Amino acid sequence: MRKIRVKPSKGQSFFALIIGLIFIVIGFKIVIPEAGLFGLLWTGFALVITIINAYNLFSKRGISNYEVNVEEYSTREKVDFDVKLRKLSKLKNDGVITESEFLKQKEKIFNRDM
């Protein structure tokens with residue numbers, strides 16, 4: 001299982017950056033003078049949001065919104081399945097194993113890989 005980090009797109013980060021800048025300006029011009037401490041809190045949140053979105057917009061790494069655990073289903077497993085069956089069939093055709101042993105091993109391969 002692997003984790004995939006999901007972060008906002010460049011367009012979403014750009015839009016949020018612009019909105020954050022607008023809220024910072026509103027904070028300095030209107031909210032701080034009229035609401036005092038709440039205005040500082042408002043502007044501080046707007047500043048943090050703006051910085052996060054600027055980082056997401058201008059860096060390759062960015063800050064993810066959330067992570068998703070994904071089970072890996074690779075083509076290698078399908079190839080292994082095919083290879084195992086072919087090897088088992090060759091062993092039966094060469095007389096190394098009997099028909100009943102072949103069927104038992106084939107059943108194990110199907111149960112394990114399905």
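This briefing walks through the fold, the surface and a few selected residues of one protein chain. The structure is a predicted model, in which local features need pLDDT of at least 70, side-chain atom pairs count only at pLDDT 80 or more, and totals for chains, interfaces and linings use all residues. Residues are numbered from 1 along each chain as its sequence is written, and side-chain values use heavy atoms, with hydrogens and water left out. The protein chain holds 4 helices and 2 strands, and its radius of gyration is 29 Å, where a compact globule of 114 residues would have one near 13 Å.

**Fold and overall dimensions**

- Reading from the N terminus, the order of elements is β-α-α-β-α-α; helices (H or I, at least four residues) and strands (E, at least two) are DSSP runs, numbered from the N terminus.
- The C-alpha atoms fill a box of roughly 90 × 25 × 15 Å along the principal axes.
- For the radius of gyration quoted above, C-alpha atoms are used, and the globule rule is 2.2 Å times the number of residues to the power 0.38.
- Of the contacts in the protein chain with a separation of 6 or more, 66% are between residues 24 or more positions apart; a contact means heavy atoms within 4.5 Å.

**Surface, burial and charge**

- Buried residues account for 20% of the 114 residues; buried means under 20% relative accessible area, exposed over 50%, and partly exposed in between (1.4 Å probe, protein chains only).
- The accessible surface of the protein chain is about 9000 Å², and carbon and sulfur atoms own 64% of that. These areas come from the Shrake-Rupley method with a 1.4 Å probe, and for residues only the protein chains shown count as cover.
- There are 19 positive and 12 negative side chains, with the centres of the two sets 7 Å apart.
- In that count, Lys and Arg are positive and Asp and Glu negative, while His and the chain ends are not counted; each charge is placed at NZ of Lys, CZ of Arg, CG of Asp or CD of Glu.

**The core of α3 and α4**

- The largest nonpolar core has 5 residues: Phe-81, Leu-88, Ile-97, Phe-102 and Ile-109. The elements giving two or more residues to this core are α3 and α4.
- Such a core is a set of buried Ala, Val, Leu, Ile, Met, Phe, Trp, Tyr and Cys residues joined through side-chain atoms within 4.5 Å.
- Ile-97 sits in the loop between α3 (75–93) and α4 (99–113), and counts as buried because its relative accessibility is 17%.
- Not counting residues up to four places away in sequence, Ile-97 touches Leu-88, Leu-91, Lys-92 and Phe-102.
- With that neighbourhood left out in the same way, Ile-109 touches Phe-81, Lys-84, Leu-85 and Leu-88.

**Buried positions in α1 and α2**

- Ser-13 belongs to helix α1 (residues 10–35) and is buried, since its relative accessible area is 0%.
- Outside the residues up to four places away in sequence, Ser-13 touches Pro-8, Asn-53, Asn-56 and Leu-57.
- Ala-46 belongs to helix α2 (residues 37–58) and counts as buried because its relative accessibility is 7%.
- Leaving aside neighbours within four places in sequence, Ala-46 is in contact with Gly-20, Phe-23 and Ile-24.
- Ala-46 and Leu-21 are 25 residues apart along the chain, and their C-alpha atoms are separated by 7.5 Å.

**Long distances across the model**

- Val-83, in helix α3, is partly exposed, with a relative accessible area of 34%.
- The C-alpha atoms of Val-83 and Ile-26 are separated by 66 Å, with their places 57 residues apart along the chain.
- Glu-101, in helix α4, counts as partly exposed at 38% relative accessibility.
- Glu-101 and Val-31 are 70 residues apart in sequence and, C-alpha to C-alpha, 80 Å apart in space.
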